[in-house]
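Me: Hey, can you walk me through this one? I've got it open and don't know where to start.

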There are 2 protein chains.
Amino acid sequence: MTTDFLVKLDIAAEMRKLGEAARAAAAELALASAAAKSKALRAAAVALNDQRGAILAANARDMAAAEQRGLTPALLDRLKLDEKRIAATAKGLDEIAAFPDPVGAVLAEWTRPNGLKIQRVRVPLGVIGIIYESRPNVTADAGGIALKAGNAAILRGGSESFHSSRAIHGCLVDGLKAAGLPVAAIQLVPTTDRAAVGEMLKLSEFIDIIVPRGGRSLIERVQAESRMPVIAHLEGNCHTYVDGAADAEMARRIVLNAKMRRTGVCGATETLLVDRRAAKLLPAILQDLLAAGCEVRGDAATQKLDARVKPATAADWDTEFLDAIIAVKLVEGVDGAIAHINRHGSHHTEAIITEDQAAAERFLARVDAAIVLHNGSTQFADGGEFGMGAEIGISTGKLPPRGPVGAEQLTSYKYVVRGTGQTRP
Amino acid sequence: MTTDFLVKLDIAAEMRKLGEAARAAAAELALASAAAKSKALRAAAVALNDQRGAILAANARDMAAAEQRGLTPALLDRLKLDEKRIAATAKGLDEIAAFPDPVGAVLAEWTRPNGLKIQRVRVPLGVIGIIYESRPNVTADAGGIALKAGNAAILRGGSESFHSSRAIHGCLVDGLKAAGLPVAAIQLVPTTDRAAVGEMLKLSEFIDIIVPRGGRSLIERVQAESRMPVIAHLEGNCHTYVDGAADAEMARRIVLNAKMRRTGVCGATETLLVDRRAAKLLPAILQDLLAAGCEVRGDAATQKLDARVKPATAADWDTEFLDAIIAVKLVEGVDGAIAHINRHGSHHTEAIITEDQAAAERFLARVDAAIVLHNGSTQFADGGEFGMGAEIGISTGKLPPRGPVGAEQLTSYKYVVRGTGQTRP
């Protein structure tokens, strides 16, 4: 007991030290030039490539431990680094560097009748705490995006990727040094102790916002415990609705892509809704999905169309499969689709396929989601595909930032008012 | 015990009912036309004037109870309504009606190389919970601003203003009815039981954001207990810094206005910082303040300048006096002022008086506050003065919305993507 208590005190003190250092670094970073931040990102990319031998050795340690602990093949694959993945991570940092700097932009400006000139100017958020799970490359992506927006970052990676993340973090620090920026701009929590997460979530004095990236249990823990606002990427229970006025060929093409292009991404369609008037299009769509290896779970009407369709359970309508499984249901027109989605959806990305403009506009206006799409694949739900650059997730909360969260979304603003001696009457 | 438990269950159930009704109303309101919302606001204004007799009678009940409970004269004044105050409240609703509707505005739009057209479109936040204290007119202001932005509101006023708020709320409901909008668009918690606040703060399923308006203890309770994000208007410990290069006459005029125009507003200056190089300007500034009835609490150097200056305590630098009291300190130039403000300020509104452009820009960039001002009075910290219309407070948090929170700030956005059959490669 005594020892545990002491260890806990040490972790709390250690986390506070990280917080203090981050706060000080954030004050400097807020004033850093775009050129200095880009230089740091580019130098970190060079370091990643130069030090790939050491990174791979660190990753081998993590992989050995993970295999011993019996992680699933999917988790092992997420953890694994190779030369190609390291090169892609380095390229990602170069791309962040090449993007326009969001800080300092004048978002709006106007002059009052009394002559006061008011500007709304974009500023960094401050200090961002990022808590993530197995993929070690998130260390570089998240640290790089935070830095681009002039924020200091405290990164807490998964314990299974500890050595890999440490090696990658070393490269980010090399980049900061090369650019003359404070090394505390990107810090990695130096312990795998789970108590560190709890302590981190208490640091409202030093951390302005928490970004969790991972499974539902992590995000729910963070939302319950955090004393700071949370930008949460929850589930992507995305729907594609094929309207009665859909183009048959387009509907086939989009549904297959939305479900099967990659089944493990958050923008993958999980439920297909089909207008009862478009039931005649469904056999071909089911045939495409089944031929591509997708399991189809349908309502009673869908089951009648193809013997290979399994019965859908009530839980299926609320499930993000992240797998080659799709739930299929016939609905009564666009209003039936809207009602189903607003009840079962996770406010991520929702699509309608139709040639009926009025139905499309009704769907786009009435579906409550971060992204609503007309005649396109839900798999476009991605900061890069939106032209917004690298992102650390798609926020499914109602408050801004909503949708893809890139560097620009990790900023705030201040009002800068310039007068000539005005007093208020 | 059993009775208490039952009562608590009833309050929880009652609050959930309010939440469900608000959620349903919000879905309708999000699609309401600008004209319908304006009509509701204008009809509510007419009702306020028409029903002023009933409102004054309800207020008399509140005032009698408050006097019996021995409320301070300041609190009694806040609670009191008269014909003039009711007319002003009605006029406020008309002004909100006249303002441009924020919902549906296209905040940004661009086309991707693959032809996808992306728009970021402003949408309402959803359901707003507003918890406030004694001023009954907040019922109309807060309800009106929420409605303007297409949000449903659940209002929880102070128990001392219960009958007044109910009478005012009745007028808002009359307005909603006149415009054919759902009456649950603006609901008032129908009990003074404090347990209702606790239950309200748990309703994350139905309420998207909580806005507390009141003293520090209310806001701290809400921040600690709320499961939803909170837009908090904390303290306004505002500073005016007189630089060595300040215009003497302008400095006198602005300091007097910033402190004494109204001492009870959040934008009132609480601490005056004076560049040691401008110490010669200080005697005249002190003379103005003292002549206007302001108590001056100074550091050692300031005390030497005028016998009427009292010694400042360490706590004074962190105090929002909201009274005719000012703390005064000499600092080492603009960097001394920035350091003091970033340590003691509350991130609300901070001003510099100087003719030195470089010093001004340094201050504006480095002071971390919602509003930074050059050569103007901190008393301009107000949504109306900013041309943003009515507001429900100045948010001192780092995340948006920051600064004055009007209808536009009570919105979010969604991404609307229009394609022609695109699939993701």
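Reply: Sure. Let's start with a word we'll need: contact means heavy atoms within 4.5 Å. Also keep in mind that this is a predicted model.

Me: OK, so how many residues does the contact take from chain B and from chain A?
Reply: It takes 65 residues from chain B and 65 residues from chain A. And 100% of the interface residues of chain B are also interface residues in chain A, so the copies meet through the same surface.

Me: How does chain B get laid on chain A?
Reply: By a turn of 180° and a shift of 0.0 Å along the axis, which gives an RMSD of 0.0 Å. The two copies are therefore related as by a two-fold rotation axis.

Me: Which residue of chain B comes closest to that axis?
Reply: That's Pro229(B), with its C-alpha at 3.3 Å from the rotation axis.

Me: Back to the contact. How much area do the two chains bury between them?
Reply: About 5,400 Å², with 53% of it on carbon and sulfur atoms. On the chain B side, Lys414(B), Tyr415(B) and Arg424(B) supply 15% of the area buried against chain A, more than any other three residues.

Me: What about salt bridges between chain B and chain A? How many?
Reply: Four salt bridges between the two chains. One of the residues I just named turns up here: Arg424(B) forms a salt bridge with Glu385(A), and their closest N and O atoms are 3.3 Å apart. There are also 46 residue pairs in polar contact between chain B and chain A, counting those with both residues at pLDDT 80 or more.

Me: Which element of chain B gives the most to the side that touches chain A?
Reply: β16(B), with twelve residues. Others that supply at least two residues each include α10 (248-260) and α14 (357-366) of chain B. Sorted by type, the residues on that side of chain B divide into 31 nonpolar, 19 polar and 15 charged.

Me: And β16 of chain A, which strand is it joined to?
Reply: Strand β16 (residues 411-422) of chain A is joined to β13(B) by five bridges, and the two run parallel. In that pairing, Tyr415(A) stands opposite Ile371(B) in β13(B).

Me: What's the order of strands in that sheet?
Reply: It's an open sheet of ten strands with mixed pairing: β1(A)-β2(A)-β16(A)-β13(B)-β12(B)-β7(B)-β8(B)-β11(B)-β9(B)-β10(B). At the edges stand β1 (106-111) of chain A and β10 (310-311) of chain B, each with a single partner strand, so one side of each is left without a neighbour in the sheet.

Me: Can you show me a pair of strands inside chain B?
Reply: Try strand β8 (residues 269-275) and strand β11 (residues 325-331) of chain B, which pair in the parallel sense over five bridges. There, Leu272(B) has Val328(B) in β11(B) as its bridge partner.

Me: New topic: what's odd about the backbone?
Reply: Some background first: most residues other than glycine have a negative phi, and most peptide bonds are trans. In chain A, the peptide bond from Pro400(A) to Pro401(A) is cis, with omega near -5°. Pro401(A) sits in the loop between β14 (394-395) and β15 (403-404) of chain A. Chain B has a cis peptide bond joining Pro400(B) and Pro401(B), with omega about -5°.

Me: And which residue has a positive phi?
Reply: Asn375(A), where phi is near 55°. You'll find Asn375(A) in strand β13 (residues 371-376) of chain A.

Notes:
Residues numbered from 1 in each chain as written. Chains lettered and ligands numbered in written order. Predicted model: local features only at pLDDT ≥ 70, side-chain atom pairs only at ≥ 80, totals over all residues. Heavy atoms only, no water. Least-squares fit on C-alpha atoms with pLDDT ≥ 70 in both. Buried area = accessible area lost by both parts, 1.4 Å probe. Salt bridge = Lys/Arg side-chain N within 4 Å of Asp/Glu carboxyl O. Polar contact = N/O pair within 3.5 Å; in protein donor to acceptor, adjacent residues only side chain to side chain. Helix = DSSP H or I, 4+ residues; strand = E, 2+ residues; numbered from the N terminus. Nonpolar A, V, L, I, M, F, W, Y, C, P; charged D, E, K, R; others polar. Pairing = 2+ DSSP bridges.
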